[in-house]
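Reader: Could you walk me through the ligand site and the pockets, and tell me how each term is earned?

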Amino acid sequence: MTQHSTKNEIPYIIKEADEIDAENIIQYSKTVFASTDQVLTMPEEYNISVADEQIWINNISKSPTSKLLVAVRDEEIIGFLFFIGQQKAKIAHVGELGVNVHPGYRAMGIGRALMGALIKWAADHKTIEKIVLQVFATNYNAIKLYHSLDFKEEGRFAKSVKQKNGDYVDVVQMYLFVGGAESSEVFF
Ligand SMILES: CC(C)(COP(=O)(O)OP(=O)(O)OC[C@H]1O[C@@H](n2cnc3c(N)ncnc32)[C@H](O)[C@@H]1OP(=O)(O)O)[C@@H](O)C(=O)NCCC(=O)NCCS
């Protein structure tokens, strides 16, 4: 667990999620999915049970190459990050992340802090070398954050998303290499 404060001095912690957080994570995720059209899941599609969420959390906790982090203020979840490592040996150095912040707490530095915690963990990890993520090409704030952390675009899935209003959106795949000779000193 690490102590943090937002740009406007609100204290919060970042910790690994536990199965007791399942219900709070579900409530938090509903709020996030209802707050933006820049993520894949629509609120009406999200109906996971607490038991299934607990299984998901436990599977990630057990995996040495995966990570689930929550940002918490006064027992309320205000940010969330998952990283899932690949299973097969030839791609075991790769994992994919997803990150989001509660709509009431965005642009206060929490997304950057969660990403920083993950990057530090990955850079120190003996297996993980490549962090990948996918982001809608229209999600300018998220892309700005990833670029500022040295993530590079490595591919683009054209018109992969169709918004409710019929607009097509490209999905951009980005990566950060934290292992070997290519790794840089951006880490925290
Ligand atoms: C994208 C998201 C995770 C960023 O987290 P955040 O806590 O809001 O972002 P931070 O305050 O840590 O900002 C980090 C950087 O992102 C950019 N950024 C974030 N919000 C921004 C805003 N409203 N306007 C402009 N730039 C912004 C800036 O470059 C910022 O750097 P700075 O602090 O040096 O100005 C968060 O806004 C979010 O959850 N959005 C909705 C869900 C989502 O899009 N998730 C990502 C899917 S790939």
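Author: Happily; what follows takes the contacts, then the shell, then the pockets. This is a predicted model, in which local features need pLDDT of at least 70 and side-chain atom pairs count only at pLDDT 80 or more, while totals for chains, interfaces and linings use all residues. Residues are numbered from 1 along each chain as its sequence is written, and side-chain values use heavy atoms, with hydrogens and water left out.

Reader: What makes the pair between Gly109 and the ligand a polar contact?

Author: A polar contact is a pair of N or O atoms within 3.5 Å. A backbone N or O atom of Gly109 lies 2.6 Å from an oxygen atom of the ligand, so the pair qualifies. Arg112 offers a polar backbone atom 2.8 Å from a ligand oxygen, and the side chain of Asn141 has an N or O atom 3.2 Å from a ligand nitrogen. Taken alone, the ligand exposes 900 Å², and the protein buries 78% of that (Shrake-Rupley areas with a 1.4 Å probe).

Reader: Which residues come nearest to the ligand?

Author: There are 20 residues around the ligand, and Lys7, Val101, Gly109, Gly111 and Asn139 come nearest. To be near, a residue needs a heavy atom within 4 Å of the molecule. The helix α4 (140–148) gives the largest share of this shell, 5 residues (helices are DSSP runs of H or I with at least four residues, strands are E runs of at least two, numbered from the N terminus).

Reader: How do you know that the ligand sits in a pocket?

Author: Sitting in a pocket requires more than half of a molecule's atoms within 2 Å of its grid points. The ligand sits in the largest pocket, so it passes that test. A pocket is an open set of points on a 1 Å grid over the protein atoms alone, with protein on both sides within 12 Å along at least five of seven lines; lining residues have an atom within 4 Å of a point.

Reader: What is the volume of the largest pocket, and what lines it?

Author: Its volume is about 1,400 Å³, counted as the space filled by probe spheres set on the points. The lining has 44 residues, with Val99, Asn100, Asn139, Ala142 and Tyr146 nearest the centre. β5 supplies the largest share of that lining, 6 residues.

Reader: And the second largest pocket?

Author: The second largest pocket has a volume of about 250 Å³. Among its 16 lining residues, Asp37, Val39, Met42, Gln163 and Lys164 are closest to its centre.

Key. A polar contact is a pair of N or O atoms within 3.5 Å; within protein, one must be able to donate a hydrogen and the other to accept it, and residues adjacent in sequence count only if both atoms are side-chain atoms. On a 1 Å grid over the protein atoms alone, a cavity is a set of points where a 1.4 Å probe fits but cannot get out, and a pocket is an open set with protein on both sides within 12 Å along at least five of seven lines; lining residues have an atom within 4 Å of a point.
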